[in-house]
Amino acid sequence: MSFSLPTFSSPIICETNNNHYNSHALDAAYIKRAADLADKSAGFTSPHPNYGCVLASSAAGNVRVVGEGFLYAQGTKPAELLAVETAGEFSKHATAYLNMEPGDCPGDHIAVSALLKGGVERVVIGIRHPLSHLRGNAIRALRSEGVQVHVLGEDLQSKFFQEAIKLCQLVNAHLIYRVASRVPFSVLKYAMTLDGKIAASSGHAAWISSKQSRQLVFELRGRSDAVIVGGNTVRKDNPKLTARHGGGHLPTRIVMSQTLNLPEVANLWDVSEVSTIVATQRGARKSFQRYLASKGVEVVEFDILNPRDVMEYFYDRGYLSILWECGGTLAASAISSGVIHKVYAFVAPKVIGGKNAPSPVGELGMVEMSQALELVDVCYEQIGPDMLISGFIQPIPDLAPIIPSVNETSVIDPSVTPYEASIIFFYKTWDPYGAFSNFSPHPIQMPDENGDYLTWSSVEHYYQASKFLGVEDPSAKECFENIKSAKSPEEAARMGRKLQRQCPHLVRPDWDSVKVDVMYKALKCKFSIYPHLNSMLLSTAGSVLVEASPHDLFWGGGREGEGLNYLGRLLMQLRSEFLGESSTENSCLRM
Ligand SMILES: Nc1c(N[C@@H]2O[C@H](COP(=O)(O)O)[C@@H](O)[C@H]2O)[nH]c(=O)[nH]c1=O
């Protein structure tokens with residue numbers, strides 16, 4: 001998604017003549033910069049809430065940017081901390097510009113603490129956090145510490161701010177739509193000729209759009225949790241659906257196929273680089289399901305295969321953003337199901353004709369042109385010889401909440417998840433109990449095989465690297481080091497799983513019998529050294545903790561509870577140990 005965000009080549013330096021007009025213009029400009037920064041990690045890590053922070057200081061009459069930062073991935077340093085670290089002592093008395101209200105792991109205050117410790121005097125925020133369990137918390141915390149907080153559109157009204165607010169909404173459109181519609185943010189992308197065809201009547205489609213356009217498609221894929229196609233596209237195009245941008249995030253490939261009438265040989269069945277999930281009708285072609293599973297392809301059955309049920313499933317898997325690159329039939333079904341939010345149409349200056357040539361969207365049941373879906377916030381961009389027309393089928397929801405009063409002091413209890421109160425599900429770090437996730441940004445210190453303590457950026461880094469600990473082979477030591485220095489928990493997990501799959505001989509031979517204990521020790525460290533995590537864990541006493549990963553059936557709970565939920569079980573055992581109710585020697589988890 002290419003935003004026409006203003007980019008600032010050099011720090012913005014403006015004379016402040018204390019004119020009210022300038023200060024609004026300046027606030028708007030810095031907020032736009034923060035939104036621009038927030039978008040920087042797109043394509044390099046899986047989609048996550050995007051944060052950018054600009055610190056500006058008006059020492060000696062000139063307003064000068066003294067620090068900037070953006071969140072690189074879930075579980076890495078918050079933008080605010082990075083900006084304060086860059087600014088050093090210049091953060092004192094500075095103003096912080098944030099595209100979105102800080103949203104630390106619930107119970108954490110890393111971002112807010114960074115601003116307070118940095119001595120920031122004023123904070124300007126583009127939009128409040130869309131997640132209800134986070135919204136308003138950081139604003140309240142900053143205000144309770146005497147920091148002046150201005151939220152655009154609430155505390156600051158001006159014509160300058162409309163565009164800035166829009167950019168802040170756009171850079172987190174995936175999060176906003178997910179919250180408002182409880183399905184991932186879905187973008188329908190297609191390439192078509194000037195006369196509206198996505199292939200010749202023979203089905204041949206390579207290529208309609210130009211190399212430059214296809215390069216942008218790779219970027220769009222890199223920004224997505226998954227790319228989804230129908231069975232027909234698999235049969236006709238045998239697509240790879242990889243981002244091919246030389247590194248960075250690779251989206252999962254999803255195939256929706258009712259009948260599983262799919263070829264045995266297909267690029268999508270090669271899961272060496274990135275996973276593939278096939279969504280099908282319950283009971284379809286069991287033998288072919290087994291064949292796909294034997295190739296490492298995950299098959300998920302649905303009672304009635306339809307876009308909404310599939311999207312609700314991927315909502316549960318924590319997906320924020322999905323790119324639909326499907327044919328007209330599935331595109332129409334997805335639009336009719338109301339799960340498509342945005343459209344990217346690449347129009348090539350070509351005419352192919354063909355009365356049977358397929359078009360981008362099949363039957364929507366509309367008989368009058370007045371029924372046509374009118375896009376809003378439409379952008380027109382020339383990409384090489386092609387024209388990219390993009391816009392929203394559904395306008396960005398305005399989550400502007402009932403504005404709590406400025407001195408509203410009631411502390412919002414972390415909302416219990418929408419499931420039964422006695423069960424607490426956690427998965428993504430931004431979930432209400434996201435701090436229980438192994439991706440949470442809580443470094444731990446663990447002993448290596450010589451008893452020397454090493455610092456690990458997250459539990460995930462430590463767990464994945466432990467697979468290769470103590471194996472003599474030099475390549476195993478290299479795996480260990482590479483995982484330890486991975487830039488985010490997601491990359492550590494991707495590296496560890498891929499190396500385990502591709503080089504099983506490098507994994508310590510006793511891994512299956514020690515992995516639970518390895519995890520337990522890491523969790524014990526994490527929930528011992530962070531008092532607020534310890535109290536959060538103890539506060540769940542009496543509830544069942546379930547890691548809501550529907551695909552990791554060992555550590556997670558699975559979609560219908562078929563998973564072993566070892567992570568939830570270890571956390572509950574740890575909770576008991578801390579509560580003094582039991583000790584590990586009589587643990588129910590003895591291997
Ligand atoms: N022909 C065509 C597209 N076709 C789409 O791209 C898929 C092939 O992706 P890959 O195997 O990764 O190259 C194909 O299945 C269809 O969804 N896309 C475009 O941007 N422009 C084009 O001209």
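How many salt bridges does the rule find across the interface of domain 1 and domain 3? The rule finds zero. The legends below describe views of a predicted model.

**View 1. The chain is divided into three domains by the domain assignment.** Domain 1 covers residues 14–171. Domain 2 is made of two stretches, 175–364 and 374–392. Domain 3 follows with residues 423–587. Taken over C-alpha atoms, the centres of domain 1 and domain 3 are separated by 32 Å.

**View 2. Domain 1 and domain 3 meet at an interface where about 1500 Å² is buried.** Carbon and sulfur atoms give 57% of this buried area. On the side of domain 1 that touches domain 3, nine residues are nonpolar, seven are polar and one is charged. In this interface 17 residues of domain 1 are in contact with 18 residues of domain 3.

**View 3. Polar contacts, but zero salt bridges, are found between domain 1 and domain 3.** Six residue pairs are in polar contact here, with both residues of each pair at pLDDT 80 or more. A salt bridge requires a side-chain nitrogen of Lys or Arg within 4 Å of a carboxyl oxygen of Asp or Glu. Across this interface, the rule finds zero such pairs.

**View 4. The ligand is surrounded by 17 residues.** Those that come nearest are Lys-189, Ser-209, Arg-221, Lys-240 and Arg-244.

**View 5. Backbone and side-chain atoms lie at short listed distances from oxygen atoms of the ligand.** In Ile-208, a backbone N or O atom lies 2.8 Å from an oxygen atom of the ligand. In Leu-241, a backbone N or O atom lies 3.0 Å from an oxygen atom of the ligand. Arg-221 takes part through its side chain, where an N or O atom is 2.8 Å from an oxygen atom of the ligand. Arg-221 is also one of the residues that come nearest to the ligand.

**View 6. The confidence of the prediction varies along the chain.** The mean pLDDT is 89, and 90% of the residues reach 70 or more. Over residues 1–21, however, the pLDDT is below 50, and this stretch has 42 contacts in the model beyond near neighbours in sequence. Residues 402–420 also stay under 50, and the model has 21 contacts for them beyond four places in sequence. The model as a whole scores ipTM 0.90 and pTM 0.86.

Notes. Residues are numbered from 1 along each chain as its sequence is written. Side-chain values use heavy atoms; hydrogens and water are left out. Domain bounds come from an automatic or database domain assignment. Contact means heavy atoms within 4.5 Å. Buried area is the accessible area (1.4 Å probe) that two parts lose on being put together, summed over both. A polar contact is a pair of N or O atoms within 3.5 Å; within protein, one must be able to donate a hydrogen and the other to accept it, and residues adjacent in sequence count only if both atoms are side-chain atoms. Ala, Val, Leu, Ile, Met, Phe, Trp, Tyr, Cys and Pro count as nonpolar, Asp, Glu, Lys and Arg as charged, and the others, Gly among them, as polar. pLDDT is the predictor's confidence in each residue, from 0 to 100. A residue is near a molecule or strand if one of its heavy atoms lies within 4 Å of it.
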